[in-house]
Amino acid sequence: MHPQVSWILSRQAALTIVLAIIAILFVGATAAVSVLIGGSIGIIANLGYVLRALRMGSGTNPIKVYRAQASGEGLKFVLTLVGFALVFIGYKGVAVLPLFLGYASTFVIYWMALLKQR
């Protein structure tokens, strides 16, 4: 796996864990579990995107690279929808705000990765 991809995924996992620890200390166990689930949905969706896009996007043909990126984004969208659907169907006690905060926290790492490149 590309080193930058590993950096992003590992930092997303670390941030999710830190937020879950903060949630368990200040809010409760249900919030912490919800943060972990939300972060996991983001990480799994991102991993699916990476695996799909990297598998299809080798080479310098821009059409092939574009199709790989589009396919990866499509898979990421589906994995995200399925993840949230499974949570809302199977975990009735989920804390919705911590769930979405955990998911959204994975985007912060993207911004950090962009700043890191400059």
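Helices (H or I, at least four residues) and strands (E, at least two) are taken as DSSP runs, numbered from the N terminus. The model is predicted, so to speak of local features takes pLDDT of at least 70, side-chain atom pairs count only at pLDDT 80 or more, and totals for chains, interfaces and linings use all residues. Residue numbers start from 1 along each chain as its sequence is written, and side-chain values use heavy atoms, leaving out hydrogens and water.

**Exercise 1.** Work out the overall fold pattern.

*Solution.* Start by counting: the protein has 4 helices and 0 strands. Next, read along the sequence, and you get α-α-α-α. Finally, box the C-alpha atoms along the principal axes: roughly 50 × 35 × 20 Å.

**Exercise 2.** Place I21 and say whether I21 is buried, partly exposed or exposed.

*Solution.* First, find I21 in helix α1. Then apply the cut-offs: buried is under 20% relative accessible area, exposed is over 50%, and partly exposed is in between (1.4 Å probe, protein chains only). I21 has a relative accessible area of 46%, so I21 is partly exposed.

**Exercise 3.** Do the same for E73, then find how far E73 lies from Y49 in space.

*Solution.* E73 sits in helix α3 (residues 62-90). Its relative accessibility is 41%, so E73 counts as partly exposed. Now take the C-alpha to C-alpha distance: E73 and Y49 are 5.9 Å apart, with their positions 24 residues apart in sequence.

**Exercise 4.** Find the share of buried residues in the protein.

*Solution.* Take the 118 residues and use the cut-off from Exercise 2: buried residues make up 36%.
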